[in-house]
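Work through the exercises below with the structure open. Try each task before reading its solution.

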Amino acid sequence: MKAACLNSYGDVDQFSIDDVARPEPEAGQVLIRIEASAVNHFDLLIRQGYVAQYIPLELPAVLGGDAAGTIVELGSGVTGFAVGDRVIADFAPNGRGSHAEYGVVPVSAIAKLPANLSFEQGAALPKAGLTGRQSVDALGVKAGDRVLISGGLGGVGRAAIQYLQEIGAIPVAGVRSDRLAEARRLAGEALDIGLAPADAAFDYAISAAVPVAANLIGHVRAGGRVASIVPVPEGANAGNRVTIHELYHRADAATLAAVADAASRGILVVPVAKTFPLDEIGAAQKAVAAGIQGKVVLKH
């Protein structure tokens with residue numbers, strides 16, 4: 001099968017499209033014919049070697065965490081799915097990722113792709129949808145609670161905002177000043193997250209943008225709670241003024257199914273900004289690095 005292989009840590013010139021052996025599903029796994037996969041910021045960090053000490057890969061490696069495709073083979077013990085099912089999948093960062101024609105994932109990391117969603121739309125959902133929902137759940141937010149979300153127009157921020165709306169909470173999108181109008185259309189309320197906070201007005205916040213992580217924490221009252229998917233700047237929470245839940249998304253079939261259902265009903269929309277063929281993975285990663293607004297998807 002064809003796969004986009006990272007041969008060495010470095011720039012995008014370290015990618016090549018190679019023929020590699022098609023994987024075989026083991027017990028509890030499925031083999032997917034991948035039709036589309038998404039490129040995330042985390043893929044760039046892996047490619048550059050910034051997280052190699054935490055996630056060592058055997059090179060050459062196949063990157064990619066989000067995928068949509070069709071099941072072509074079931075491992076032993078798999079129930080609830082059949083060959084031919086359209087699915088979305090959450091691949092682990094283990095060097096056997098989704099930027100390939102085929103991929104193997106545990107059944108615990110897939111959900112059925114609703115018929116009214118394309119493969120490209122499906123590929124945009126897993127990481128953003130799971131992380132957005134799990135960030136909200138980590139805070140214990142209830143209907144009526146106001147929650148500030150930095151990076152409110154990114155994939156995770158959008159998913160968190162739309163999930164908050166779904167459960168009856170009140171999202172406030174923290175964005176750059178030039179995106180306030182767009183953020184208000186999405187969330188209903190927005191603020192310039194680049195400005196130092198005049199006061200601490202929130203009990204809950206989700207930190208999803210590195211440059212303004214300290215500012216976001218300053219918007220939270222003493223004793224409040226922050227769910228952070230980005231590094232917390234040293235000294236930003238002096239005296240442990242607020243409780244910070246640092247988290248990385250986890251594979252969860254039930255939550256992934258809820259994400260797919262919400263997208264099917266139009267209450268979760270993760271926009272696809274641009275698509276590239278698989279063999280243009282370098283250009284796709286450059287588009288993500290340049291800050292393109294919306295998901296970048298590879299068509300296989």
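The exercises cover one helix, two residues and one pocket.

The model is predicted, so local features need pLDDT of at least 70, side-chain atom pairs count only at pLDDT 80 or more, and totals for chains, interfaces and linings use all residues. Residues are numbered from 1 along each chain as its sequence is written, and side-chain values use heavy atoms, with hydrogens and water left out.

**Exercise 1. Check the length of helix α3 against its expected span, then judge its burial.**

Step 1. Helices are DSSP runs of H or I with at least four residues, strands are runs of E with at least two, and both are numbered from the N terminus.
Step 2. Helix α3 covers residues 126-139, which is 14 residues.
Step 3. The expected span is 1.5 Å times one less than the number of residues. For α3 that gives 20 Å, and the end C-alpha atoms are 20 Å apart, so the two agree.
Step 4. Buried means under 20% relative accessible area, exposed over 50%, and partly exposed in between (1.4 Å probe, protein chains only).
Step 5. Twelve of the 14 residues of α3 are buried, so the helix is largely enclosed by the rest of the structure. Among them are Lys127, Arg133 and Gln134.
Step 6. Look just past the helix: Gly140 takes a positive phi of about 70°.

**Exercise 2. Place Leu278 and find its contacts.**

Step 1. Leu278 sits in the loop between β15 (272-277) and α8 (281-289).
Step 2. Its relative accessibility is 9%, so Leu278 counts as buried.
Step 3. Contact means heavy atoms within 4.5 Å. Leaving aside neighbours within four places in sequence, Leu278 touches Ala4, Ile17, His99, Ala100, Leu298, Lys299 and His300.
Step 4. Take Lys299: it is 21 residues from Leu278 along the chain, yet their C-alpha atoms are separated by 5.8 Å.

**Exercise 3. Is Arg158 buried or exposed, and what does Arg158 contact?**

Step 1. Arg158 belongs to helix α4 (residues 155-166).
Step 2. At 13% relative accessibility, Arg158 counts as buried.
Step 3. Beyond neighbours within four places in sequence, the contacts of Arg158 are Gly152, Leu153, Glu182, Leu186, Val269 and Pro271.

**Exercise 4. Describe the lining of the second largest pocket.**

Step 1. The lining has 27 residues, and Pro23, Asn94, Gly95, Arg96 and Gly97 lie nearest the pocket centre. (On a 1 Å grid over the protein atoms alone, a pocket is an open set of points where a 1.4 Å probe fits, with protein on both sides within 12 Å along at least five of seven lines; lining residues have an atom within 4 Å of a point.)
Step 2. β7 gives the largest share of this lining, five residues.
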